[in-house]
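Hi,

Here is the structure I promised to pass on. Have a look at it first, and my notes on what turned up follow below.

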Amino acid sequence: ELAGKYKLGRNTVRRALGHLESRDLIHRQVGRGTFVSERSQTTALGVMDVRVVNPEEMMEARLLIEPLLAGLVVARASNAELEKIKNLVLRGREARSMTEFEKWDNKFHRAFASASKNQYLISIVEGMHRIRRSDGWGALRRRGLTDDRRKAYQKEHEGIVEAILARDADLAQQKIVDHLSHVKRNLLVE
């Protein structure tokens, strides 16, 4: 179901779930489902060592988690939070450098997660963004972030915001999947 919904290969989803299970963050029971383990509720995911997370794993995680936030944001975000998200995207459009664009990009994705009002998911997203802000990741992102790609990402961000402002969770979710798939291709093909 996850593979179809997020246009990922079944093996990609299995690997991601297997990784979570190997860290005792989830447990799977055949015929019953997949469950968050008690250990994961007390483990700080944000303290992950940046040296052990490769770009493919990071993008797999983002593609599994960030689209799910759309429904929560549509249902829970206040008008003020939506206005903040919109303004962060507009600031990204005004950015004069790649570094400045990355700053607003980061703030946009973090504000989006925050508007979900799910503290556990927010902590996971914060952990991912700590890894994205590390030196090695910064160099990787900047290497693949051309002016044309920056403009495309900006347009994608604006599409996500339009869907959220329209309170269309399904469209926002699809726009996030499209955006992150685009980012993944650019990061991993280089």
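The largest cavity has a volume of about 220 Å³. Its lining is made up of 17 residues, and Asp105, Arg132, Arg141, Tyr153 and Val183 are the ones nearest the centre. Four elements give two or more residues to that lining: α4, α6, α8 (135-144) and α10 (169-189). In total the structure holds two cavities of 30 Å³ or more. Please keep in mind throughout that this is a predicted model.

Then there is the open space. The largest pocket holds about 930 Å³ and is lined by 31 residues. If you want to find its centre on screen, look for Leu20, Ala61, Leu64, Ile65 and Ile124, which lie nearest to it. The elements that give two or more residues to this lining are α2, β2 (33-36), α4 and α7 (119-132). Of these, α4 gives the most, with eight residues.

A quick word on the overall layout. The protein chain has 10 helices and two strands, and along the sequence they come in the order α-α-β-β-α-α-α-α-α-α-α-α. The chain has 190 residues, 46% of which count as buried. If you take the contacts between residues at least 6 apart in sequence, 70% of them join residues at least 24 apart.

Now the core. In soluble globular proteins, nonpolar side chains tend to be buried together. Here the largest nonpolar core has 50 residues, and the ones with the most contacts inside it are Val73, Ile85, Phe108, Phe112, Trp137 and Ile164. Helix α4 (residues 55-76) turns up again, as it gives the most to this core, with 10 residues. Phe112 is a good place to start if you want to see how the core is put together. Leaving aside neighbours within four places in sequence, Phe112 is in contact with Glu66, Leu69, Ala70, Val73, Ile85, Ile160, Ile164 and Ile176.

Ile85 brings us to α5 (residues 79-94), a helix of 16 residues. From first C-alpha to last, α5 reaches 23 Å, close to the 22 Å expected at 1.5 Å a residue. Which residues of α5 are buried? They are Leu82, Ile85, Leu88, Val89 and Gly92. These buried residues cover an arc of only 120° around the axis, so they sit on the same side of α5. The general background is that an α-helix has 3.6 residues a turn, so residues three or four places apart point the same way. On the other side of α5 you will find Asn79, Ala80 and Lys84 exposed. The cover over the buried residues of α5 includes α4, α6 (98-114) and α9 (147-165).

You can see a similar story worth checking in α2 (10-22). With 13 residues at 1.5 Å each, α2 should span 18 Å, and its end C-alpha atoms are indeed 18 Å apart. Thr12, Val13, Ala16 and Leu17 are its buried residues. Looking down the axis of α2, they fall within an arc of 130°, so they line one face of the helix. The face turned away from that buried side carries Arg10, Asn11 and Ser22, which are exposed. What do the buried residues of α2 pack against? They pack against α1, β1 (26-29) and α4.

Two single residues also caught my eye. One is Leu8, in the loop between α1 (2-6) and α2. Is Leu8 buried or exposed? Its relative accessible area is 12%, and the cut-off for buried is under 20%, so Leu8 counts as buried. Beyond its neighbours within four places in sequence, Leu8 is in contact with Ala3, Val13, Leu63 and Leu64. Along the chain, Leu8 and Ser181 are 173 residues apart, while their C-alpha atoms are separated by 9.4 Å.

The other is Gln173, found in helix α10. Gln173 is buried as well, with a relative accessible area of 14%. Again leaving aside neighbours within four places in sequence, Gln173 is in contact with Lys5, Tyr6, Pro67, Leu68 and Ala70.

Happy to go through any of this together at the screen.

Cheers

Key
Residues numbered from 1 in each chain as written. Predicted model: local features only at pLDDT ≥ 70, side-chain atom pairs only at ≥ 80, totals over all residues. Heavy atoms only, no water. Core = buried A, V, L, I, M, F, W, Y, C linked by side-chain atoms within 4.5 Å. Buried < 20%, exposed > 50% of the residue type's maximum accessible area, 1.4 Å probe, protein only. Contact = heavy atoms within 4.5 Å. Expected span 1.5 Å × (residues − 1). Arc of directions from axis to C-beta. 1 Å grid on protein atoms, 1.4 Å probe; cavity = no way out; pocket = protein on both sides within 12 Å on 5 of 7 lines; lining within 4 Å. Points joined across faces, edges and corners; volume = space filled by probe spheres on them.
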